[in-house]
Amino acid sequence: MLSKKSHATAKVCLRHHKYHLWYDEDYSILLERKFETEDGHVLNLVLNDGARPLFPCQQWRIGNQEVPIKSTSIESNGSITTLTEVYCDNILDFAIETLQYLSRLLPRLSVTMELKAHDVDTFRRTMRSVESVGEIKEITVVESFRNRYPDPQDEYVKLVLEESQRVKQLAIRVRTSDNFEYPTSMPFNFDSVSINTAGWISREHFIKLFLSCKTVVLDRKNFNNEDLVAIFKSWTEGSRLEYFQFHGTFGFYHGKTLTEIVGELPGATAVRNAIVPTGSAFRVVTFGEDECFMIQQNDGEKRALVYIVYQTIMLSTNFQIGKDVDEHAARIEEVRHHLDENMEAEED
């Protein structure tokens with residue numbers, strides 16, 4: 001640990017450097033110094049809970065803790081990667097002290113965290129430890145491996161949503177109960193938000209909370225036709241939303257037709273071929289009847305495709321349509337037809 005004077009001096013020296021920190025709760029803290037044109041230096045702290053090692057170790061003091069460490073470094077192309085094994089009696093306390101120390105020391109620090117759904121107090125402590133960080137890029141919250149059959153965590157998920165307003169990308173992989181409730185008074189502003197148990201999200205929740213985000217992915221959410229009509233109509237009236245996916249349960253969206261959902265919106269146009277995102281990749285898709293429509297916002301500034309792929313309803317403002325795409329789709333279909341003919345000939 002540095003004295004207050006040394007800390008201030010170090011902070012001045014480091015203010016021009018960018019650092020990014022990855023925190024995997026219960027496992028590791030990885031700090032990388034960013035450079036403009038090359039890979040940066042990396043410090044990887046591997047957190048070991050339990051008995052202290054028998055071999056000689058250096059001592060490292062963080063906050064009120066003094067812990068034994070063992071480090072090895074590798075240099076490659078001018079960049080240094082240091083792997084440090086940290087042996088501590090309480091991993092959480094050490095991690096919290098370290099996050100707080102680094103966030104105060106490094107003015108241009110950004111953070112990505114994967115947190116385990118232990119309890120609300122642990123989440124509060126973790127968020128307080130990074131409150132001085134300039135940017136929290138991403139938080140993913142998952143079930144703790146200690147809970148083989150996890151109970152719903154309503155209070156925890158509510159706190160995550162309340163305390164993560166600064167976060168750019170939020171992913172929640174934690175169960176909630178059928179009775180989970182969340183107020184609609186404060187719209188979200190995430191660049192990306194993903195929730196894997198989204199049954200609690202009503203039409204009103206989506207319109208009042210999520211239309212102000214850029215990307216939304218909801219799993220296990222069954223919106224009926226009336227819900228979808230209201231959501232798409234609200235999008236046309238004004239929204240920064242550029243992409244969403246609604247994954248239903250047990251094939252809920254299978255066989256749905258979009259004509260009765262978006263066909264009545266002003267300017268809605270059926271689309272046959274398009275290049276669209278389907279999950280993590282873009283692909284050329286030839287849609288069936290009533291499976292894809294182009295809609296636009298009332299001010300004419302933003303257009304989007306609404307489409308059904310793999311029993312999932314999607315909206316994307318990032319797409320390609322037109323003559324080139326139609327010709328590309330035709331070539332793909334021609335190749336597919338040729339392969340089918342060859343397979344039939346081989347079977348005969």
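**Overall architecture, core and selected residues**

The chain contains eight helices and 18 strands. The model is a predicted one. Of the 348 residues in the chain, 43% are buried. Contacts with a separation of 6 or more were also examined: 61% of them join residues 24 or more positions apart. The exposed surface of the chain is about 19,000 Å². Carbon and sulfur atoms supply 47% of that area.

The nonpolar interior was considered next. The largest nonpolar core holds 78 residues. Within this core, Phe-206 and Phe-232 touch the most other members. Helix α2 gives the core its largest share, seven residues. A second core, separate from this one, has 13 residues. Ala-274, Cys-292, Met-314 and Phe-319 are among them.

The surroundings of Phe-232 were listed without its neighbours within four places in sequence. Phe-232 is in contact with Phe-244, Ile-261, Val-262 and Leu-265. Its contacts also include Ile-295, Val-306, Ile-313 and Leu-315.

Leu-218 also touches Phe-206. Leu-218 belongs to strand β11, which covers residues 215–219. Its relative accessibility is 0%, so Leu-218 counts as buried. Residues up to four places away in sequence were again not counted. On that basis, Leu-218 touches Ile-195, Ala-198, Ile-201, Phe-206 and Phe-223. Gln-245, Phe-246 and His-247 are touched by Leu-218 as well. Ala-198 lies 20 residues from Leu-218 in sequence. The C-alpha atoms of Leu-218 and Ala-198 are 5.8 Å apart in space.

Helix packing was examined for α2 and α3. Helix α2 spans residues 91–105, and helix α3 spans residues 120–129. Their axes come within 8 Å of each other and cross at roughly 25 degrees. Angles under 35 degrees count as roughly parallel, so α2 is roughly parallel to α3. On the α2 side, the contact is made by Leu-92, Asp-93, Ile-96, Leu-99, Gln-100 and Ser-103. On the α3 side, Thr-122, Arg-125, Thr-126 and Ser-129 take part. By class, this contact has three nonpolar, five polar and two charged residues.

Helix α3 also carries Phe-123. Phe-123 has a relative accessibility of 2% and therefore counts as buried. Neighbours within four places in sequence were left aside for its contacts. Phe-123 is then in contact with Leu-115, Tyr-156, Leu-159, Val-160, Glu-163 and Ser-164. Val-141 is 18 residues from Phe-123 along the chain. The C-alpha atoms of Phe-123 and Val-141 are separated by 9.8 Å.

Backbone geometry was then inspected in two loops. Asp-290 has a phi near 70 degrees, a positive value in a residue other than glycine. Asp-290 sits in the loop between β15 (281–286) and β16 (292–296). Its relative accessible area is 22%, so Asp-290 is partly exposed. Tyr-310 also has a positive phi and is a residue other than glycine. The phi of Tyr-310 is near 50 degrees. Tyr-310 is placed in the loop between β17 (303–309) and β18 (312–316). At 63% relative accessibility, over the 50% cut-off, Tyr-310 counts as exposed.

Terms used. Residues are numbered from 1 along each chain as its sequence is written. This is a predicted model: local features need pLDDT of at least 70, side-chain atom pairs count only at pLDDT 80 or more; totals for chains, interfaces and linings use all residues. Side-chain values use heavy atoms; hydrogens and water are left out. Axes are lines fitted to C-alpha atoms, for helices over the stretch in contact, and angles run from 0 to 180 degrees between N-to-C directions. Helices (H or I, at least four residues) and strands (E, at least two) are DSSP runs, numbered from the N terminus. Angles under 35 degrees count as roughly parallel, over 145 as roughly antiparallel, 65 to 115 as roughly perpendicular and the rest as oblique. Contact means heavy atoms within 4.5 Å. Ala, Val, Leu, Ile, Met, Phe, Trp, Tyr, Cys and Pro count as nonpolar, Asp, Glu, Lys and Arg as charged, and the others, Gly among them, as polar. A nonpolar core is a set of buried Ala, Val, Leu, Ile, Met, Phe, Trp, Tyr and Cys residues joined through side-chain atoms within 4.5 Å. Buried means under 20% relative accessible area, exposed over 50%, partly exposed in between (1.4 Å probe, protein chains only). Accessible areas come from the Shrake-Rupley method with a 1.4 Å probe; for residues, only the protein chains shown count as cover.
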